[in-house]
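Reader: Please explain the terms applied to this model, and set each value against its definition.

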Amino acid sequence: MTSEYFVVRGTVEHGDERGRELGFPTANIALRDQSGSVGDGVWAGWVQRPGGERLPAAISVGRRPTYYGADGYRLLEAHLLDFTGDLYGETLVVWLGSHLREQQKYTSAEDLITALKNDIAAAAQWTASHPAASLPEPGEGELGEVRRVAG
Ligand SMILES: Cc1cc2nc3c(=O)[nH]c(=O)nc-3n(C[C@H](O)[C@H](O)[C@H](O)COP(=O)(O)O)c2cc1C
């Protein structure tokens, strides 16, 4: 069976540090194309660090409508499952594998946290059935450029 992935390579930038406050730190990557071939949404996928280590992730692509309305800067944010550490400055490869849901504007941080917990559970399940070794070659591409890659 072939599956399609969106793949992005990008360098981790400093965010607002709110992710840490919420209890769900994210690696933020700027997207080159603000309209983009990939729509806003939440995804299950994999993240590869410069050394080759691959970690399961719950990934958000969008403008963080809860905090910035519709006018926010569009970016990719990856929350790595079962990981604590510093990723700033690292160039990561991100595979977006399974679209989980659309971006929502939540009325409270608690509601966002509940949604994040569900996303993480869904990402854990999806990555367990789509192991890192089965991912397609990411190819090269510009930093922050979203590409479609068939597996
Ligand atoms: C898996 C995942 C799903 C997310 N879903 C939403 C969402 O539906 N709505 C939203 O406003 N922000 C969403 N976010 C973004 C959070 O608002 C953001 O991570 C948080 O504000 C921290 O931002 P910071 O890294 O700039 O500090 C999501 C983030 C992740 C990792």
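Author: Two strands are said to pair if DSSP finds at least two bridges between them; strands (E, at least two residues) and helices (H or I, at least four residues) are themselves DSSP runs, numbered from the N terminus. The model is predicted: local features need pLDDT of at least 70, side-chain atom pairs count only at pLDDT 80 or more, and totals for chains, interfaces and linings use all residues. Residues are numbered from 1 along each chain as its sequence is written.

Reader: What makes β1 and strand β2 a pair?

Author: Two bridges link β1 to β2 (residues 27–30), in the antiparallel sense, and at least two are required. Within this pairing, Glu13 stands opposite Asn28 in β2.

Reader: With how many bridges does β1 pair with β6, and with how many is it joined to strand β7?

Author: Strand β1 (residues 4–13) pairs with β6 over six bridges, again antiparallel, and Thr11 faces Thr91 of β6. Strand β7 (residues 146–150) runs antiparallel to β1 and is joined to it by five bridges; here Phe6 has Arg148 as its bridge partner. A further antiparallel pairing, between β3 and β6, has seven bridges, with Trp43 matched to His99 of β6.

Reader: Why does Glu13 count as exposed or buried?

Author: A residue is buried if 20 or more other C-beta atoms (placed from the backbone) lie within 10 Å of its own, exposed if 12 or fewer, and partly exposed in between. Glu13 has 12 C-beta neighbours inside 10 Å, and therefore counts as exposed. Glu13 belongs to strand β1, of whose ten residues seven are buried.

Reader: Which residues does Glu13 contact, leaving aside its neighbours within four places in sequence?

Author: Contact requires C-beta atoms, placed from the backbone, to lie within 7 Å of each other. With that exclusion, Glu13 is in contact with Asn28, Ile29 and Ala30. By contrast in spacing, Glu13 and Pro50 stand 37 residues apart in sequence and 15 Å apart in space, C-alpha to C-alpha.

Reader: Why is Glu4 placed in its exposure class?

Author: Glu4 has 11 other C-beta atoms within 10 Å, so it is exposed. Glu4 is found in strand β1 and touches Arg148 and Ala150, when residues up to four places away in sequence are not counted. Its C-alpha atom is separated by 8.8 Å from that of Pro136, 132 residues away along the chain.

Reader: How do you know whether the length of α3 agrees with that expected of its 21 residues?

Author: The expected span is 1.5 Å times one less than the number of residues. For the 21 residues of α3 this gives 30 Å, and the end C-alpha atoms are 30 Å apart, so the two agree.

The buried residues of α3 are Leu116, Asp119, Ala123 and Thr127. They lie on the same side of α3, because they cover an arc of only 65° around the axis; the arc is taken over the directions from the helix axis to the C-beta atoms. Exposed on the other side are Glu110, Thr114, Ala128 and Ser129. The cover over the buried residues includes β3 (41–48), β4 and β6 (91–101).

Reader: How many residues surround the ligand, and which helix supplies the largest share of the shell?

Author: The ligand is surrounded by 24 residues, the closest being Gly15, Arg18, Gly19, Ser60 and Thr66; nearness means a C-beta atom, placed from the backbone, within 6 Å. Helix α3 gives the largest share, four residues. Elements that each supply at least two residues include α1 (18–22), β4 (54–62) and α2 (65–68).

Reader: How does the shell around the ligand divide into nonpolar, polar and charged residues?

Author: It holds nine nonpolar, nine polar and six charged residues. Ala, Val, Leu, Ile, Met, Phe, Trp, Tyr, Cys and Pro count as nonpolar, Asp, Glu, Lys and Arg as charged, and the others, Gly among them, as polar.

Reader: What is the phi of Arg64, and what is that of Asp82?

Author: Most residues other than glycine have a negative phi. Arg64 is not a glycine, yet its phi is positive, about 50°; this residue is in the loop between β4 and α2. Having 19 other C-beta atoms within 10 Å, Arg64 is partly exposed. Asp82, also other than glycine, has a positive phi near 55° and lies in the loop between β5 and β6. With 8 C-beta neighbours inside 10 Å, Asp82 counts as exposed.

Definitions and conventions. Contact = placed C-beta atoms within 7 Å.
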